[in-house]
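Subject: Structure handover

Hi,

Here is the structure I promised to pass on. Please open it first, then read the notes below.

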Amino acid sequence: MCKKLGLIGVLMLLLNACTTVVTVTPQHYRMDRPEVDSRSFRPNLALGIAASETMALEENRDSGGNSLYPLGRVGLSLGHGTEFSVAMVDNAMRYAAKWQFRGQRAEQSEAGNWSQALSLAVELSDSEDAVSCNYWCGLPRETAWNADLALYDLAWIFGYRPERGWLLYGGPYYRVGRVDGHWHHKEGDVVTERRIRSDGEIYGANLALEYRFGFGLGLTVEGIYATTRFDSFRAGEPRQSQSDAFLNFLVDYRF
């Protein structure tokens with residue numbers, strides 16, 4: 001009896017290994033301070049660790065959970081409280097523009113300064129997978145898919161400087177996104193093709209604490225709580241939703 005149960009368990013594992021789940025992986029980091037340099041063409045470079053969340057676009061499927069990836073970011077002030085930045089985490093690229101409309105600028109900020117900024121961003125990423133089963137299935141079968149994710153982001157950032165070297169900041173943000181891709185399944189001689197299409201949204205808030213040394217080097221730790229919702233790409237299935245908290249770290253240098 002035990003041998004039969006063991007054999008059934010092994011077969012189930014093999015069959016599960018022959019399945020693939022359509023997923024997307026939004027990045028969950030902000031670390032975007034509200035204070036901007038008033039001078040034009042002042043660069044800043046950043047390296048850190050950022051969280052991402054894999055989400056299944058199918059009902060009752062394991063999402064794969066959260067992961068941490070290296071973060072790289074380059075920013076450039078453009079004058080008049082504006083800044084443009086490009087960031088990369090795993091295979092996701094984020095392009096952002098920020099405008100500080102209240103408070104002292106970064107190079108002038110003193111203790112007690114309250115600042116506010118608005119940020120607009122777009123994040124682009126892609127995912128794919130393919131599996132095949134030739135020996136353990138009734139008929140040979142293969143499944144492959146690819147999906148492109150575009151997220152459009154609006155954030156309202158508040159900041160307070162309790163002391164010269166410290167900056168506490170954060171605020172709410174909202175992201176709307178779309179997934180577009182292709183799903184292919186072949187079992188025996190029967191081929192099924194399907195377009196992957198899903199609309200979604202992410203909303204949350206962050207709180208970050210930065211300490212900046214006198215020579216331009218800064219350290220930041222950030223906490224985020226966010227809810228992610230996307231439509232299932234299969235007709236008739238409910239919208240997928242999950243909420244989670246994330247922790248991120250950043251080291252940056254402002255010239």
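Let's start with one residue. Aspartate 244 is found in strand β12, which spans residues 240-254. Please keep in mind throughout that this is a predicted model.

Is aspartate 244 buried, partly exposed or exposed? Aspartate 244 has a relative accessibility of 29%. Buried would need a value under 20%, and exposed one over 50%, so aspartate 244 counts as partly exposed.

Which residues does aspartate 244 touch? Leaving out residues up to four places away in sequence, they are Glu53, Asn66, Ile224, Tyr225 and Ala226. Two of these deserve a look. The side chain of asparagine 66 makes a polar contact of 2.6 Å with the side chain of aspartate 244. Tyrosine 225 is 19 residues away from aspartate 244 along the chain, yet their C-alpha atoms are separated by 5.8 Å.

Next, arginine 161. This residue lies in strand β8, residues 141-163. Its relative accessible area is 3%. The cut-off for buried is under 20%, so arginine 161 is buried. What surrounds this side chain and its backbone? Setting aside neighbours within four places in sequence, arginine 161 is in contact with Arg33, Glu35, Ser109, Glu110, Ala111, Gly112, Asn113, Trp166 and Leu167. For tryptophan 166 there is a further detail. Its backbone oxygen lies 3.3 Å from a polar atom of the arginine 161 side chain.

Strand β8 itself has partners. One is strand β7, residues 114-133. β7 and β8 pair in the antiparallel sense, over 20 bridges. To find the register, look at alanine 121, which stands opposite aspartate 153 in β8. Another partner is strand β9, residues 166-187. Here too the pairing is antiparallel, with 19 bridges between β8 and β9. Glycine 159 faces tyrosine 169 of β9 in this pairing, standing opposite that residue. β8 and β9 form a hairpin, with two residues between them.

Now to strand β5, residues 82-89. What lies on its covered face, and what on its uncovered one? Glu83, Ser85, Ala87 and Val89 make up the covered face. Thr82, Phe84, Val86 and Met88 make up the uncovered face.

β5 pairs with β4 and with β6:

- β4 (residues 65-79) and β5 are antiparallel, with eight bridges. Arginine 73 stands opposite alanine 87 in β5. The hairpin of these strands has two residues between them, and histidine 80 takes a positive phi near 60° there.
- β5 and β6 (residues 92-102) are antiparallel, also over eight bridges. Valine 89 stands opposite alanine 92 in β6. In this hairpin, again with two residues between the strands, aspartate 90 takes a positive phi near 55°.

So alanine 87 and valine 89, which belong to the covered face of β5, also mark where to look for the pairing: alanine 87 against arginine 73, valine 89 against alanine 92.

Last, the largest pocket. Its volume is about 300 Å³. How many residues line the largest pocket, and which lie nearest its centre? There are 16 lining residues, and Ala106, Glu107, Arg164, Arg212 and Gly216 lie nearest the centre. By type, the lining divides into nine charged, four nonpolar and three polar residues.

Best wishes

Definitions and conventions. Residues numbered from 1 in each chain as written. Predicted model: local features only at pLDDT ≥ 70, side-chain atom pairs only at ≥ 80, totals over all residues. Heavy atoms only, no water. 1 Å grid on protein atoms, 1.4 Å probe; cavity = no way out; pocket = protein on both sides within 12 Å on 5 of 7 lines; lining within 4 Å. Points joined across faces, edges and corners; volume = space filled by probe spheres on them. Nonpolar A, V, L, I, M, F, W, Y, C, P; charged D, E, K, R; others polar. Helix = DSSP H or I, 4+ residues; strand = E, 2+ residues; numbered from the N terminus. Buried < 20%, exposed > 50% of the residue type's maximum accessible area, 1.4 Å probe, protein only. Polar contact = N/O pair within 3.5 Å; in protein donor to acceptor, adjacent residues only side chain to side chain. Contact = heavy atoms within 4.5 Å. Pairing = 2+ DSSP bridges.
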